[in-house]
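Thank you all for coming. I would like to take you through a few backbone details and one pair of packed helices, so please have the model open while I talk.

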Amino acid sequence: MKYFYYPGCSLEGTGIEYNASTRAVMDALGAELTEIEDWTCCGASAAEAMSYLLSMVLPARNLALAEQINQEMDILVPCSACFLNLKRVEIHTDQDRALLDKVNTALSEEGLIYRGRARARHLLDVFANDLGPERIGARVKRKLAGLRVAPYYGCQSLRPYGSYDDPQEPRSMEPLIRSLGADVHPWTMGAKCCGAGLMTSKKQVAAELTGAILSAAKGADCMVTVCPMCQMNQDGYQAHISRVRGEDLRITILYLPQLIGLALDLAPERLKLDLNLALTHSFRAKLGI
Amino acid sequence: MKGDRPMMRQNHPVAGAAHKLRRENAVAAVQEKIRACMQCGTCSGSCANSFAMDHTPRQLWRLVQLGEMDEIFASKTFALCSNCYYCTLRCPRGLPLTETIHAIKRLAVLEGRDEEKKSTQFYRSFLATVQRYGRVREMELMTRYFFTMKNPFLPLGFTPLGLKLMFKGKLPLHVPQLLAVKDNKGKAMFFEGRFDRLFRKVEELEKTS
């Protein structure tokens, strides 16, 4: 299995461990990643709030770079916001040829052409459907028996274009978690919003949303995420939110490939577990790491 | 235009017929998106942040239909959207509601009605770093953001997390090399941002459409 790899800006900064663990696990599962050379920012949620065309051109540049090398190979994207932005360009330009022309007029400044052939795939989609729980389960070297995991999907991995799972009641992580020998924490918060960027501009509001999610995760040994923004809100603000709500909400938050990597018995250094902001003593003790 | 001046830093609307026409077209385009809204309120019931809004999403669409732009810009509703796309997914009319919020945000920028909004300042800072380096540098982004907000107390709220991240090596301080624009003697005059030309082209194309 071969994919282009678009890490996105967060995976070079606050999400370094997501980047490292994705690469390590894909390598261990025999999937080959080719990083898109000279990739640039997808525009995040800033571009679309300022310029519609820019919100098309920035992701399109990366799609065009991939197409230039190979039009048939899917692009693996671990960040949900990047995934949505790339997907949005595929869909909007497919429905509007005049827009595609305009995008290409802009891209000519970069000497690139976007033909609408490249396909972005979310990491969760690739884990759930290309690699699949059976194949992953067969490589498990250390069953995570007795570990209760809360699957957190967030928003943009699923909505509005999530085609690989139910966008309101997603379940695709559950077979994966079970294939590792772990149990699924039963809850209904998996697809609820954490507040995303509001944690910067409207902290009280986002803290309310993230607080409700953390509170519902009580009873689980850890929560797994598939997005650096979700991860940051869940693990970076735990102390603050616990204080505001007056309840202890500390819980280990891992990226999904970190959890898979632990079951594949990859070295904790390769998964960069030391970079997670919230990794509780009880979790470490339970896994003996 | 020099190195790191982002195209969207034009804070004040340019007077003139062209701008007026662009504004009217933009308002009409926003109205067109939600013309079929029947005020069922599924969006408000699905919205994660409606509890904090002065106008619910349903009320916002009605105000758009009525062309009450002043009231829309005065409200906090559109700045409180966290792009979760629940409303878009559930709208029984299949309207692009989250996209409409983005269009309203852009309209507010076009109108110069967004100055007090923290989120807009954040987006500006964000795009400025993208224009300069092609990728986001979180450290520079936050520094720019704090600087434009001109509030000495704002950074304090981020200090504990910022220190934690820096301690973990998650806020790299190095910045990528920029392209030097040289004079005829080969001496660097100024450094061109990675996307100066691309951003300029996009701005040009948007103005003529």
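Where in chain B is Tyr85(B) found? Keeping in mind that this is a predicted model, you can locate Tyr85(B) in the loop that runs between α4 (69-74) and α5 (86-90) of chain B. Its phi is near 65°, which is a positive value in a residue other than glycine. That deserves a remark, because most residues other than glycine have a negative phi. Tyr85(B) is also buried, because 24 other C-beta atoms lie within 10 Å and the cut-off for buried is 20 or more.

Chain A offers another example, Ala196(A), whose phi is near 45° and again positive in a residue other than glycine. Ala196(A) sits in the loop between β6 (183-184) and α8 (198-201) of chain A, and with 27 other C-beta atoms within 10 Å it is buried.

Staying with chain A, please look at the loop between β5 (148-151) and α7 (173-179), where Pro160(A) has its place. The peptide bond leading from Arg159(A) to Pro160(A) is cis, with omega near 0°, whereas most peptide bonds are trans.

Finally, let us turn to the helices. Helix α3 (residues 52-69) of chain A packs with helix α10 (residues 196-208) of chain B at an angle of about 140°, their axes being 9 Å apart, and therefore α3(A) is oblique to α10(B). In this contact, Leu53(A), Leu54(A) and Val57(A) meet Leu198(B), Val202(B), Leu205(B) and Glu206(B), which by class gives six nonpolar, no polar and one charged residues.

Definitions and conventions. Residues are numbered from 1 along each chain as its sequence is written. Chains are lettered from A and ligands numbered from 1 in the order in which they are written. This is a predicted model: local features need pLDDT of at least 70, side-chain atom pairs count only at pLDDT 80 or more; totals for chains, interfaces and linings use all residues. Helices (H or I, at least four residues) and strands (E, at least two) are DSSP runs, numbered from the N terminus. A residue is buried if 20 or more other C-beta atoms lie within 10 Å of its own, exposed if 12 or fewer, and partly exposed in between; C-beta atoms are placed from the backbone. Axes are lines fitted to C-alpha atoms, for helices over the stretch in contact, and angles run from 0 to 180 degrees between N-to-C directions. Angles under 35 degrees count as roughly parallel, over 145 as roughly antiparallel, 65 to 115 as roughly perpendicular and the rest as oblique. Two residues are in contact if their C-beta atoms, placed from the backbone, lie within 7 Å. Ala, Val, Leu, Ile, Met, Phe, Trp, Tyr, Cys and Pro count as nonpolar, Asp, Glu, Lys and Arg as charged, and the others, Gly among them, as polar.
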